[in-house]
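Here are a few exercises to work through with the model open beside you. Try each task before reading its solution.

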Amino acid sequence: MVSKGPLLRLLTAINRRRMKLLMGLAFVAYVASVWGNFVNMRSLQENGDQKVESKIEEVVAPLREKIKDLEKSFTQKYPPVKFLSEKDRKRILITGGAGFVGSHLTDKLMMDGHEVTVVDNFFTGRKRNVEHWIGHENFELINHDVVEPLYIEVDQIYHLASPASPPNYMYNPIKTLKTNTIGTLNMLGLAKRVGARLLLASTSEVYGDPEVHPQNEDYWGHVNPIGPRACYDEGKRVAETMCYAYMKQ
């Protein structure tokens, strides 16, 4: 029979080893837990930093583009522009100024030394037609549809806005009608409000399918108000009528 003394010492030693083992395991588990939390926090922090950097980049990117545009404008060379005194220099609005005719008129008036504002919705006009003037102190380009009112101070208005090619104006006949009627009405209202002179670009299409060649001022035309091209023809006829009515008032 084993005495209690050695047996007790043996059990005590086993318990100590077990306790040490349990404490060691607990310590390892604790370290693993802390390390896991640390790794997760680092991961969250890195993801958060990436999100913050992404947001900053979204804000900064447009600013970089604007800075590039400014740098380009500082070094950009424009066509030669005549100097006009304040008395002789006119503030001129060109609707449809990014189109073929409008862009050439813009070039002429800019080189003559006037202040030119081009208004275009780029339905058929192209920004590249006038981009060589962007940044010049006498030039302004506004993306605007003349169907909506425009509030601006000008001395002269060249109203050219309208699709002029049959495929273009037949593509959206209602839009063509509104541009030539409501758009012209808005420009006439602007001219009346600021005391500006207005020139309307009309068309020989107001005569429809003429039976007289060439057409003189007394000829009224031979028109079809419901034909496939009537949206342009009738729109210009109404525009001329409105201009005449405003002149008579």
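Contact here means heavy atoms within 4.5 Å. Keep in mind that this is a predicted model.

**Exercise 1. Find what share of the contacts in the chain with a separation of 6 or more comes from residues 24 or more positions apart.**

Solution. Start with the elements: the chain has 5 helices and 5 strands. From the N terminus, their order is α-β-α-β-β-β-α-α-β-α. Now turn to the contacts with a separation of 6 or more: 71% of them join residues 24 or more positions apart.

**Exercise 2. Decide whether Thr 106 is buried or exposed, and list what Thr 106 touches.**

Solution. First locate the residue: Thr 106 sits in helix H2. Next, compare its accessibility with the cut-off: buried means under 20% relative accessible area. Thr 106 has 0%, so it counts as buried. Finally, leave out residues up to four places away in sequence; Thr 106 then touches Ile 94, Gly 97, Val 116, Val 118, Val 130, Trp 133 and Phe 139. For the wider setting, buried residues make up 30% of the 249 residues in the chain.

**Exercise 3. Work out which parts of the chain the salt bridge between Asp 155 and Arg 91 ties together.**

Solution. Begin with the distance: the closest N and O atoms of Asp 155 and Arg 91 are 3.1 Å apart. Then place the partners: Asp 155 lies in the loop between strand S3 (139-143) and strand S4 (156-159), and Arg 91 in strand S1 (residues 91-95), so the pair links parts 64 residues apart in sequence. Last, check exposure: Asp 155 is partly exposed at 26% relative accessible area, and Arg 91 is partly exposed at 34%.

A search of the whole structure finds 8 salt bridges. Among them is the pair Glu 205 and Arg 229, with closest N and O atoms 3.0 Å apart. Salt bridges that share partners also join Glu 86, Arg 89 and Glu 115 into one network.

**Exercise 4. Describe the lining of the largest pocket: which residues are closest to its centre, and which element gives the most to the lining?**

Solution. Take the volume to begin with, about 530 Å³. Of the 29 lining residues, Thr 124, Leu 160, Ser 162, Pro 163 and Ala 164 are the closest to the centre. Then go through the elements: helix H2 (100-111), strand S2 (115-120), helix H4 (173-194) and helix H5 (230-248) each give two or more residues. H2 gives the most, with 3 residues. To finish, sort the lining by character: 12 residues are nonpolar, 13 polar and 4 charged.

Terms used. Residues are numbered from 1 along each chain as its sequence is written. This is a predicted model: local features need pLDDT of at least 70, side-chain atom pairs count only at pLDDT 80 or more; totals for chains, interfaces and linings use all residues. Side-chain values use heavy atoms; hydrogens and water are left out. On a 1 Å grid over the protein atoms alone, a cavity is a set of points where a 1.4 Å probe fits but cannot get out, and a pocket is an open set with protein on both sides within 12 Å along at least five of seven lines; lining residues have an atom within 4 Å of a point. Grid points are joined across faces, edges and corners, and a volume is the space filled by probe spheres set on the points. Helices (H or I, at least four residues) and strands (E, at least two) are DSSP runs, numbered from the N terminus. Ala, Val, Leu, Ile, Met, Phe, Trp, Tyr, Cys and Pro count as nonpolar, Asp, Glu, Lys and Arg as charged, and the others, Gly among them, as polar. Buried means under 20% relative accessible area, exposed over 50%, partly exposed in between (1.4 Å probe, protein chains only). A salt bridge is a side-chain nitrogen of Lys or Arg within 4 Å of a carboxyl oxygen of Asp or Glu.
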